[in-house]
Amino acid sequence: MSLDYGNLCSVILKQYFGEVVQIVGDCLFVANWRTLYNIVKTTKLTRREVCKALAVLFKYHLVSFRTSNFNPNVAEYLLNRDEVLYVVRYARYVHRMQMEYGNIGSFICEEILHNGSQTGTSLMLKYLADANEKEKIETVRDIFVRMIRANYLIKLPKLVQAERSETVAVPKLHIDVDDLFNPPNIDLSLLAKIRTGVIPLSHAGDSDTLWQINFSRFHQDFRDSVMIGAIERKMGSSAAECFQYILKQMYERTDPWQRQISNPFTVAEIKQLLVKNSKNFDLMTNLEQYITLIADDSLGFIRKIGEMGSGQYVVDLSQAFEELTLCCIENIITERFGSKASRIFRVVRMKKYIEQEDLQKEAMIPAKEAKLLSYNLFQEQFLQIKSIRKPGGGGAAAKAFFLFHLKHLQIVTMLLDICYKALYNDITRSNYEKVEHKRLIDKSQKLDSIVATMKERGESEDYIAEILETLTPPEREILEKVKNRIKILSKAELTIDDNIFLLQMYIHHCSHLPTAASAAK
């Protein structure tokens with residue numbers, strides 16, 4: 001992990017969990033596994049403070065532990081570095097559940113994210129207690145079970161009970177793979193008694209079964225949205241819906257995080273799926289034409305491999321994210337260096353290896369300008385140079401060919417570091433604005449709550465206006481500017497995270513390096 005990613009993790013931990021957790025997180029980030037003694041010695045914190053910080057990190061699944069290889073009575077701790085970044089995406093997870101399951105789904109997701117993990121009974125009781133509208137217990141339970149069966153929630157492992165004769169210093173957790181998405185049996189009559197206070201919550205049938213968010217499933221949805229959105233922008237909504245059903249069929253027989261090519265599917269299978277679920281008559285009538293259109297497109301999301309079942313195809317995830325990522329890189333180059341530099345990048349990408357003289361001819365750019373732009377791209381590591389000695393040329397530089405070429409993985413890794421740094425700067429600046437103008441923000445919020453209370457009491461508009469005048473015009477102007485800046489920074493944070501996600505998907509599907517996507521599985 002890079003230094004920029006370390007700084008980003010540090011500022012995220014400080015913003016959401018406080019300074020002590022940040023210090024412990026920084027200590028764990030720079031090493032693989034550390035014991036409690038080692039953390040206390042390195043951070044100069046008290047043992048009590050370190051234990052509390054580790055408890056917080058463990059509660060939110062940001063730390064793992066294991067028995068030490070050197071001493072079976074000592075535990076070692078590891079920071080789950082990839083999952084620290086997921087904290088920034090919490091709002092996106094909640095919004096996804098709002099779109100899929102409504103208010104109940106978003107509440108369940110938000111409650112689990114806020115607490116780290118929850119039992120099913122506890123979640124349902126909290127929703128029924130907080131909901132303004134009277135919801136049926138059956139409705140809440142059904143949505144909770146649907147979220148589990150759709151793999152949005154995953155069961156936490158349970159403590160392995162040691163034998164009486166055995167003393168275990170470091171606890172062990174275990175869960176069968178088949179039990180990860182097995183919904184609990186919730187007794188509604190017992191739930192009603194717990195709700196009325198007749199029976200304590202500890203007597204619930206699932207009191208020992210905790211659920212957490214399955215980030216891998218959410219990232220699968222985000223990845224699908226990226227591909228579907230690209231097709232919709234280029235080919236229209238019917239083609240996007242067609243690809244959506246292709247992905248649905250793909251998951252029937254393919255691991256969602258398979259790196260490169262899916263298992264085959266046929267047009268006949270997609271047609272059966274459409275008849276059952278779709279109301280798009282145009283898509284059902286012209287299904288083969290839409291699939292051919294997607295397969296023949298330069299994006300290369302799917303490709304034909306046979307004629308069985310009206311045509312046999314595979315989804316090429318590697319090709320899809322290579323094309324999407326290179327389009328993103330071209331947009332970055334256009335923004336930084338202009339359209340001509342982007343044209344040079346495309347020519348090098350198309351030709352694989354090309355000399356300077358041929359490059360300026362192919363790009364149709366004057367020689368001087370082409371040299372300047374290609375040098376700038378080389379300096380910023382978007383282009384690489386490979387030298388090939390001419391036969392019998394000795395070691396002189398003039399006796400060699402110099403070819404421009406691309407190293408895709410190197411460019412993506414560089415851009416990821418830039419994104420981490422940009423996100424760190426964004427969060428730091430946003431926090432600075434909030435701290436610097438804390439008094440004004442608090443005063444404004446207090447006034448808003450007072451005015452809302454006065455309106456409920458039916459106070460006159462003149463009296464309300466008089467109260468609002470306690471915030472002077474200069475203060476209002478400053479406050480408006482601060483709110484606009486924070487809003488812009490929040491939008492920038494979402495955009496940067498979108499780019500980070502796309503680049504991580506490229507690394508997962510187009511290389512053999514471990515990524516956040518594979519770690520989340």
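**Rings, charges and strands: why the labels fit**

User: What makes the charged end of arginine 217 count as sitting over the ring of tyrosine 152?

Analyst: The charged end of arginine 217 is 4.5 Å from the centre of the tyrosine 152 ring. The rule asks for NZ of Lys or CZ of Arg within 6 Å of the ring centre and within 35 degrees of the ring normal, so 4.5 Å fits the distance limit. Arginine 92 has such a place too, over phenylalanine 222 at 4.4 Å from the ring centre.

User: Good start! What kind of model is this?

Analyst: It is a predicted model, where local features need pLDDT of at least 70 and side-chain atom pairs count only at pLDDT 80 or more, while totals for chains, interfaces and linings use all residues. Residues are numbered from 1 along each chain as its sequence is written, and side-chain values use heavy atoms, with hydrogens and water left out.

User: Why is the pair of phenylalanine 17 and tyrosine 60 called tilted?

Analyst: Their centres are 5.3 Å apart and their planes are at 45°. Rings of Phe, Tyr and Trp (its six-membered ring) pair if their centres lie within 6.5 Å; planes under 30 degrees apart are stacked, over 60 edge-to-face, and the rest tilted. So 45° makes this pair tilted. Phenylalanine 17 is in helix α1 (residues 3–17) and tyrosine 60 in the loop between α4 (47–59) and β2 (63–67), so the pair ties together parts 43 residues apart in sequence.

User: And what makes phenylalanine 144 and tryptophan 211 a pair of the edge-to-face kind?

Analyst: The centres are 6.1 Å apart and the planes stand at 90°, so edge-to-face is the right name. Phenylalanine 144 belongs to helix α8 (residues 137–149) and tryptophan 211 to strand β7 (residues 211–213), 67 residues apart.

User: Which of these rings are buried or partly exposed?

Analyst: Buried means under 20% relative accessible area, exposed over 50%, and partly exposed in between (1.4 Å probe, protein chains only). Tyrosine 60, at 16%, is therefore buried, whereas phenylalanine 17, at 21%, is partly exposed. Phenylalanine 144 has 0% and is buried, and tryptophan 211 is buried at 0% as well.

User: How do you know that β11 and β13 pair?

Analyst: Two bridges join β11 to β13 (residues 400–405), and the strands run antiparallel. Strands pair if DSSP finds at least two bridges between them, so two are enough. Helices (H or I, at least four residues) and strands (E, at least two) are DSSP runs, numbered from the N terminus. In β13, leucine 403 stands opposite glutamate 355.
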